[in-house]
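Me: Please take a close look at a single part of this model and explain how that part sits among the rest. I am a first-year student, so plain words are best.

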Amino acid sequence: MTTDMQGDAAPVELPHPVRAAYLAAEGFEDALVEELGRQGVEIMAWHGRLALSASPPVAAAWALDIWLEPELHSIASIGAAAALLRGRQRNWACHAVRHHRRATLIADRLPPVAARALVFPAAAPSGHLGGWTLLAPDMLLLSTRKSSPFVNGAVPFVEDRVGPPSRAYLKLWEACARLGVWPMPGERCVDLGASPGGWTWAIAQCGAEVVAVDRADLAPQVAAMPGVALRRESAFGIEPAELGAVDWMFSDIIAYPTRLLALARRWIAGGTARRIVMTIKFQGTTDHETAAAFAAIPGGRVLHLWHNKHELTFLWDREAAAPAGALPPG
């Protein structure tokens, strides 16, 4: 078995058929290995950041993209590779690791698919997108189905470099794009641990009302935005009932994952929030056990956003919880 993290070593050797492939977030390959290992999934080879496994696909938060139905094909020529891909479906994204010139010549014969920067608000692309890569000049790995509609899991935006006080707002934009919904005029939101106000800025930009909860100040330009109100309290001390019904609860607080899990459970049990978007930040080692507890909450899911660092994002929707009204475990 050859482990190829850099893409410059010998051709990938595959002792078993590839049944799933996981595209790790850059710099977080170890977190993906640990997460998969907890589920009994072994990686038999790496191709760049693409982890190849002989086990069936499983949910993996640390994967930006999961190739769900990999197929390995011998190809006699560039034209044969392009014809094979075109014959299966229209849209393909290449994960280029090596043999770049050959991969480019194949891609040039396919309909163009570009990772265009989104202008927020915008939902994730709805078109079907497959993935492919060259393991060797004459060996093509493809998957017609994959978990992400984005090219190699990347979600770039046309950024605002003037209004927000930090780049943290990009995480909120990406979370909303993946959900396909975002704060709207007439909706009421709460932003826990809001200072300096990157997420509050993004919410107010959508036209929604937002109660920013933090003991520290918001950036002046954010505090002055229409619909923004600041409550100088602890995000952990305030009770959901004090704020009443909200359409969204947002949180980008820096805290231990177990404390954030308790906070999420309290808000869900309180029944006042319709949706939750919360960053789970890790300090030092990755707390996979707590991440799994978040993922087990009915109506929720956990994923590594392209804009996340050593953190995951918890998304929860009350209507998606099943059975209706179910409380999170624990």
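Reply: A residue counts as buried when its relative accessible area is under 20%, and as exposed when that value is over 50%. The model is predicted, and the part chosen here is the helix α1, residues 29–38.

The buried residues of α1 are E29, A31, L32, E35 and L36. Viewed down the helix axis, these buried residues fall within an arc of 160°, so they line one face of α1. A general point about helices helps here. An α-helix has 3.6 residues a turn, so residues three or four places apart point the same way. On the other side of α1, D30 and R38 are exposed.

What lies over the buried residues? The cover includes the strands β2 (20–24), β3 (45–47), β4 (50–53) and β5, together with the helix α9. Just after α1 ends, G40 has a positive phi of about 75°.

α1 also has a part in the largest pocket, which has a volume of about 580 Å³. Of the 26 residues lining that pocket, A59, A60, A61, V302 and L303 are the closest to its centre. At least two lining residues come from each of α1, β5 (63–67), α9 (288–295) and β15 (300–303). The helix α9 gives the most, with four residues. Sorted by class, the lining holds 17 nonpolar, five polar and four charged residues. Both domain 1 (20–153) and domain 2 (168–321) give residues to this lining, so the pocket lies between the two domains.

Methods
Residues numbered from 1 in each chain as written. Predicted model: local features only at pLDDT ≥ 70, side-chain atom pairs only at ≥ 80, totals over all residues. Heavy atoms only, no water. 1 Å grid on protein atoms, 1.4 Å probe; cavity = no way out; pocket = protein on both sides within 12 Å on 5 of 7 lines; lining within 4 Å. Points joined across faces, edges and corners; volume = space filled by probe spheres on them. Nonpolar A, V, L, I, M, F, W, Y, C, P; charged D, E, K, R; others polar. Domains from an automatic or database assignment. Buried < 20%, exposed > 50% of the residue type's maximum accessible area, 1.4 Å probe, protein only. Arc of directions from axis to C-beta. Contact = heavy atoms within 4.5 Å.
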